[in-house]
Amino acid sequence: MRVLILGGDGYLGWPTAMHLSQKGHEVAVVDNYFRRRACVEMNCLPLLPVPDLPQRAELWRALTGYSIRVAVGDVCDYPFLLQIFKDFAPEGVVHYAEQPSAPYSMLNRETAAFTLTNNLLSTLNLIHAVAETDSACHIVKLGTMGVYGTPNIDIEEGYLEVRHKGRKHTFLYPKTPGSLYHLTKSQDGDMLYFYCRMWDIRITDLNQGPVYGLAINGSLPDDRLAPIFNYDDIFGTVLNRFVAQAAAGYPLTIYGRGGQKRGYLNIKDTLACVELALRNPPEPGHYRVFNQFVETFSVRNLAEKVREAGRELGLEVQIKQIPNPRREEEEHYYNPSHSGLLSLGLEPHYLTIGVLLEMISMVQKYRDNLRPAYFLPRVRWQHNNCRAVSLN
Ligand SMILES: NC(=O)c1ccc[n+]([C@@H]2O[C@H](COP(=O)([O-])OP(=O)(O)OC[C@H]3O[C@@H](n4cnc5c(N)ncnc54)[C@H](O)[C@@H]3O)[C@@H](O)[C@H]2O)c1
């Protein structure tokens, strides 16, 4: 299959490119390096220095013989994107090219405006490029479980049947996003559903939970091919941050009471889910939604697991509650369903102590690069309120 990966330089995009090329697909990646620039601007550099896309693609080709085509540019630039579609003629597109950080979206008006325009315009351009070149091309868009929020009923997979005054109708499951970033993921989902109904295009929306892991340590021929790995308050996902805190000998910082539950998955499962979705496209006109995670944990559970793994490595891992910079429920009901990808054949990787030992050891290898100043949250969910939350 010819697969175009938008956002192919990112944490998930680059490993997806390697994975699909290794599976024999023809792969092209597009990225405008927004994430790299934002890491410099926000003072939160990744754990490992990451070569640029042409360098990574060249290294990958030299070490494995697989090739990945690279184009550097902005998906919001429609003529640029359209040209890529005309040249490469993808049969499937994976859309990762969005601003993915909740704190970044809540920082100030400019970052909010960027998140809104970037995430919605990139999605709109993608839909139009597909419709203009080949409407059979399957769009696989990365959504987030965060669009649902934490309702006091079970979360279904995309849709909810509603009975009202003796009649029934199936709607998209109601969304209650908890940050402006999550709101844009809800809005881009609505937009995809709209165009699906209007133009009969094929779309899979993967509502993914927070991802963890690095897929190196023996599984990659060279650490320079590892994904961009952030462990900071802006771009680091919670488990990656806890692992870095443990490796640095810094307390694991829980926001508030730590009863916030979410559905998590190993980065290896992200790659498997995206490939399963690509290989099993929906019918034209069907907006298909999968909830993409394999197990749920509270933040407190995660911290305790990291502490247990740290103990096995002789690390004294402390857990510290700090004021929650976000507006969210800290203890709540959470029961999302996630059967769609399992029924397509997903074989989950669970979060075992062994997996955590591997992650901590890998981060310890680059311990000299760790910057504890990156750990504490700088962005509060308040208007014009950006400052570090005190650890004391
Ligand atoms: N990482 C997670 O835990 C997670 C969880 C749920 C959903 N997601 C979603 O998955 C997708 C990828 O996440 P990620 O963690 O790899 O983020 P990332 O920031 O590492 O990757 C996104 C990439 O897209 C690029 N990009 C952004 N806007 C672009 C544009 N207009 N044109 C071209 N390139 C652009 C960025 O430079 C970056 O390299 C995002 O849409 C995110 O919302 C991620």
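This briefing walks you through the ligand's surroundings and then visits one residue in a strand. Keep in mind that the model is predicted. In this model, 28 residues surround the ligand, and the protein covers 97% of the 820 Å² of accessible area that the ligand has on its own.

**Who surrounds the ligand**

- Among the 28 residues around the ligand, the closest are Y11, D31, N118, Y181 and K185.
- If you sort the shell by residue type, you find 13 nonpolar, nine polar and six charged residues.
- Helix 2 (34–41), strand 5 (138–144) and helix 7 (180–199) are worth finding in the 3D view, as each supplies at least two residues of this shell.

**Polar contacts with the ligand**

- Y11 takes part through its backbone: a polar backbone atom of Y11 is 2.7 Å from an oxygen atom of the ligand.
- K185 uses its side chain, where an N or O atom lies 2.7 Å from an oxygen atom of the ligand.
- For D74, look for a nitrogen atom of the ligand, which is 2.8 Å from a polar side-chain atom of D74.

**A look at T253**

- You can find T253 in strand 10, which runs over residues 252–255.
- Is T253 buried or exposed? T253 is buried, because its relative accessible area is 0%, and buried means under 20%.
- The side chain of T253 has a polar partner: it makes a polar contact with the side chain of Q245, at 2.8 Å.

Conventions. Residues numbered from 1 in each chain as written. Predicted model: local features only at pLDDT ≥ 70, side-chain atom pairs only at ≥ 80, totals over all residues. Heavy atoms only, no water. Near = heavy atom within 4 Å. Polar contact = N/O pair within 3.5 Å; in protein donor to acceptor, adjacent residues only side chain to side chain. Areas by Shrake-Rupley, 256 points an atom, 1.4 Å probe, with all protein chains shown as cover. Helix = DSSP H or I, 4+ residues; strand = E, 2+ residues; numbered from the N terminus. Nonpolar A, V, L, I, M, F, W, Y, C, P; charged D, E, K, R; others polar. Buried < 20%, exposed > 50% of the residue type's maximum accessible area, 1.4 Å probe, protein only.
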